[in-house]
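This report describes the fold of one protein chain, working from its overall architecture down to individual residues. Please read it alongside the sequence and the model.

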Amino acid sequence: MVSLKGGVVATLVALTVVPAAAAAASTVVDHGRGPTVVHDTAYASARTQVHAWSRDGYTQVRLMVSGLPAHRTFGAHVHTGRCGTDPLASGGHYQHGTDAATPLGEREIWLDVTTDAKGKGITTTVVPWTVHAGAAGSVVLHADPTNPVTGAAGARLVCTTVDLGGGAKGGHAGH
Ligand SMILES: [Cu+2]
């Protein structure tokens, strides 16, 4: 009897400790490398990388580009769908809420990037919310800078598939 009681106590202690440690380490990390699809053949040499982290209610997305024309600013955003040969397959901009009182730039993830003399660029955006799993599928690079009022940025040049928020499968811990 004595040894059985000791075993029960040890089990209870373990159950109390493990969930707290797991919660503290909860981070969703998503990566994309592309482009997955080139919509404008003039940008066939473009290369992209997307890295995203979600933690403690915040999401940080970094877009790295190369192989682009020098000294230009390209609009870029997180879109709802994955890339397809049809430029519209990637859908519209991922929106975190539809309240028109909140500027688009605060409820979408904009990643406008300006290239250097070598045609490389990097941009990082942090938003104080997390992307709903399965609701975002790509980062699209556009021909023009993003209009801060309308969110429009011209033609879709290249698309990189990345399932932000862990994708339809519901997320995965950092890999
Ligand atoms: Cu876009």
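## Loop residues with unusual backbone geometry

His71 is located in the loop that runs between strand 4 and strand 5 (73-74). In this predicted model, the phi angle of His71 is near 55 degrees, which is a positive value in a residue other than glycine. His71 counts as exposed because 11 other C-beta atoms lie within 10 Å, and the limit for that class is 12 or fewer.

A positive phi, of about 50 degrees, is also found at Asp56, although Asp56 is not a glycine. Asp56 belongs to the loop between strand 3 (47-55) and strand 4, and with 9 other C-beta atoms within 10 Å it is exposed. A further backbone feature is the cis peptide bond that joins Gly34 and Pro35, with omega at about 10 degrees; Pro35 sits in the loop between strand 1 and strand 2 (37-38).

## Overall architecture

The chain contains two helices and ten strands, and along the sequence these elements follow the pattern α-β-β-β-β-β-β-α-β-β-β-β. Of the 175 residues of the chain, 33% count as buried. Among contacts between residues at least 6 apart in sequence, 66% join residues that are at least 24 apart.

## The sheet 1-3-4-8

Four strands form an open sheet in the order 1-3-4-8, with antiparallel pairing. The edges of this sheet are strand 1 (28-34) and strand 8 (121-127), each of which pairs on one side only. Neighbouring strands of the sheet are turned against each other by 10 degrees on average, with direction ignored.

Within this sheet, strand 4 (residues 58-66) and strand 8 run antiparallel and are joined by seven bridges. Leu63 takes part in this pairing, and its bridge partner in strand 8 is Thr123.

## The sheet 2-10-9-6

Another open sheet of four strands has the order 2-10-9-6, and here too the pairing is antiparallel. Its edge strands are strand 2 and strand 6 (76-79), each pairing on one side only. Strand 9 (residues 138-142) and strand 10 pair in the antiparallel sense over five bridges, and the bridge partner of Ser138 in strand 10 is Thr161.

His142 lies in strand 9, and it is classed as partly exposed because it has 19 C-beta neighbours inside 10 Å, where 20 or more would make a residue buried. The C-alpha atoms of His142 and Val158 are separated by 7.4 Å, while the two residues are 16 apart along the chain. Leaving aside residues up to four places away in sequence, His142 touches Phe74, Gly75, Ala76, Ala153, Gly154, Ala155, Arg156 and Leu157.

## The nonpolar core

The largest nonpolar core has 28 residues, of which Leu63, Ala76, Leu111 and Val139 touch the most other members. Strand 3, strand 4, strand 6, strand 9 and strand 10 each supply at least two residues of this core.

The contacts of Leu111 can be listed in full, not counting residues up to four places away in sequence: Val61, Leu63, Ala76, His77, Thr123, Thr125 and Val139. Leu63, Ala76 and Val139 thus appear among the contacts of Leu111, and these residues are named with Leu111 as the core members that touch the most others. Thr123, also touched by Leu111, is the strand 8 bridge partner of Leu63.

## The surroundings of Cys159

Where in the fold does Cys159 lie, and is it buried or exposed? Cys159 is placed in strand 10 (residues 156-161), and with 28 C-beta neighbours inside 10 Å it counts as buried, since the class begins at 20.

Apart from residues up to four places away in sequence, Cys159 touches Pro35, Thr36, Val37, His39, Cys83, Ser90, Ser138 and Val140. One of these contacts, Pro35, takes part in the cis peptide bond with Gly34, and another, Ser138, is the residue whose bridge partner in strand 10 is Thr161. Cys159 and Ala76 are 83 residues apart in sequence, yet their C-alpha atoms are 9.5 Å apart in space; Ala76 is also one of the residues touched by His142.

Technical notes
Residues numbered from 1 in each chain as written. Predicted model: local features only at pLDDT ≥ 70, side-chain atom pairs only at ≥ 80, totals over all residues. Contact = placed C-beta atoms within 7 Å. Pairing = 2+ DSSP bridges. Axes fitted to C-alpha atoms, helices over the stretch in contact; angles between N-to-C directions. Core = buried A, V, L, I, M, F, W, Y, C linked by C-beta atoms within 7 Å.
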